[in-house]
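Biologist: I have a new model open and would like to read it with you, element by element. Please start with the vocabulary, and then I'll ask away.

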Amino acid sequence: MAQRHQAPKGRLRIDLPIAIGRLHILPVLQRFLKRWPEVEADVSFTDEYRDIVGDGIDVAVRIGGPTDNRLIRRVLAPHRLITCAAPAYLQQRGTPHAIEELARHDRIAFKHAGGPVAWHYRIGGEDRDVGVKGNLHLGNTEAIRDACLSGMGLAQLSAFLVGGDIRQGRLVPVLEEFERDEPPVCVVYPTRKHVSPKVRLFIEAIRAEWTNGAPWA
């Protein structure tokens with residue numbers, strides 16, 4: 001009980017996915033550090049699933065990921081993928097209304113593990129992965145967003161990356177009726193009898209700022 005009321009201090013090792021970490025977690029961390037100046041944050045960025053326990057990570061944000069009985073997992077926000085394009089591209093090439101129409105469009109694919117990652121849809125009540133043989137393969141989602149904004153083609157990107165662009169009309173969602181539920185954005189941390197104040201309060205800081213929904217919603 002005494003530990004729960006102690007001010008957080010010491011080194012806090014955090015592991016974040018690259019895009020959501022930079023865009024949506026770092027602003028929370030900045031305000032957290034101003035409030036608790038005795039905390040020293042050590043932040044790593046990767047879209048791979050690290051061994052949190054083995055690497056000595058205190059807390060991590062993940063999008064879905066495998067279950068691990070050594071970790072406690074708390075859902076922070078829902079996650080969805082949006083197929084979208086710049087208005088100028090759609091004006092020139094037309095708007096697809098069926099999955100089959102993707103084949104006649106320029107597609108910007110995310111390259112991972114040596115090949116393009118399939119796009120995710122729900123078709124006829126079933127979740128399906130649709131292979132993407134795009135004319136541009138990029139290994140960074142923010143680079144894909146930039147290419148999509150410049151009118152280079154259709155892309156399927158996370159709502160946390162393009163939500164603001166869609167609200168402001170820089171990108172237009174398509175094929176929305178085929179979107180499916182994706183694994184949520186979660187915070188995970190090693191199972192311990194007592195969670196340190198720095199970990200507990202950092203998680204509370206994120207949840208407090210996202211009380212009314214994730215910032216990209």
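Modeller: Gladly! Two strands pair if DSSP finds at least two bridges between them. The elements themselves are DSSP runs numbered from the N terminus: helices (H or I, at least four residues) and strands (E, at least two). This is a predicted model: local features need pLDDT of at least 70, side-chain atom pairs count only at pLDDT 80 or more, and totals for chains, interfaces and linings use all residues. Residues are numbered from 1 along each chain as its sequence is written, and side-chain values use heavy atoms, with hydrogens and water left out.

Biologist: Which residue in the turn of the β8-β9 hairpin has a positive phi?

Modeller: Strands β8 and β9 (residues 126-130) pair in the antiparallel sense over five bridges, and Ile123 has Glu126 in β9 as its bridge partner. Two residues sit between the strands of this hairpin. In the turn, a positive phi of about 60° belongs to Gly124.

Biologist: Which side chains along β8 point to one face and are buried?

Modeller: Here buried means under 20% relative accessible area, exposed over 50%, and partly exposed in between (1.4 Å probe, protein chains only). The side chains alternate along residues 119-123. His120 and Arg122 point to one face and are not buried; pointing to the other, and buried, are Trp119, Tyr121 and Ile123.

Biologist: Zooming out, what percentage of the residues of the protein counts as buried?

Modeller: The fold comprises five helices and 13 strands, and its C-alpha trace spans about 65 × 35 × 30 Å along the principal axes. Out of 217 residues in the protein, the share that counts as buried is 43%.

Biologist: What angle does the direction of helix α5 make with that of β1?

Modeller: The helix packs on an open sheet of five strands, with mixed pairing and the order β2-β1-β3-β13-β4. Its edge strands, each pairing on one side only, are β2 (39-45) and β4, and neighbouring strands are turned by 20° against each other on average, direction ignored. Helix α5 (residues 197-209) touches β1, β2, β3, β4 and β13 (contact means heavy atoms within 4.5 Å). With axes fitted as lines to C-alpha atoms, for helices over the stretch in contact, and angles running from 0 to 180 degrees between N-to-C directions, the value against β1 is about 45°.

Biologist: And the sheet of three strands: what angle does helix α3 make with β6?

Modeller: This open sheet has the order β7-β6-β10, again with mixed pairing. The edge strands are β7 (115-116) and β10 (136-138), each pairing on one side only. Helix α3 (residues 141-149) packs on the sheet, touching β6 and β10, and its direction makes with that of β6 an angle of about 170°.

Biologist: Is Asp15 buried or exposed?

Modeller: Asp15 lies in strand β1, and its bridge partner in β3 is Ala60. Among the residues it touches are Ser44, Phe45, Arg50 and Val61. Its relative accessible area is 4%, so Asp15 is buried.

Biologist: How many residues apart are Arg50 and Asp15?

Modeller: Arg50, at 24% relative accessibility, counts as partly exposed. It forms a salt bridge with Asp15, the closest N and O atoms being 3.4 Å apart; the term means a side-chain nitrogen of Lys or Arg within 4 Å of a carboxyl oxygen of Asp or Glu. The pair links distant parts of the chain, with Arg50 in the loop between β2 and β3 and Asp15 in strand β1, and the separation is 35 residues.

Biologist: What sequence separation does the Arg22 and Glu142 pair tie together?

Modeller: Arg22 is partly exposed at 43%, whereas Glu142 is buried at 17%. Their salt bridge has its closest N and O atoms 2.1 Å apart. Arg22 is in helix α1 and Glu142 in helix α3, so the parts tied together are separated in sequence by 120 residues.

Biologist: Last one: which residue just after α4 takes a positive phi?

Modeller: Helix α4 (residues 159-167) has several buried residues, including Phe160, Leu161 and Asp165. The cover over its buried residues includes α1, α3 and β11 (155-158). Just after the helix, a positive phi of about 80° is taken by Gly169.

Conventions: Lists of a residue's contacts leave out its neighbours within four places in sequence.
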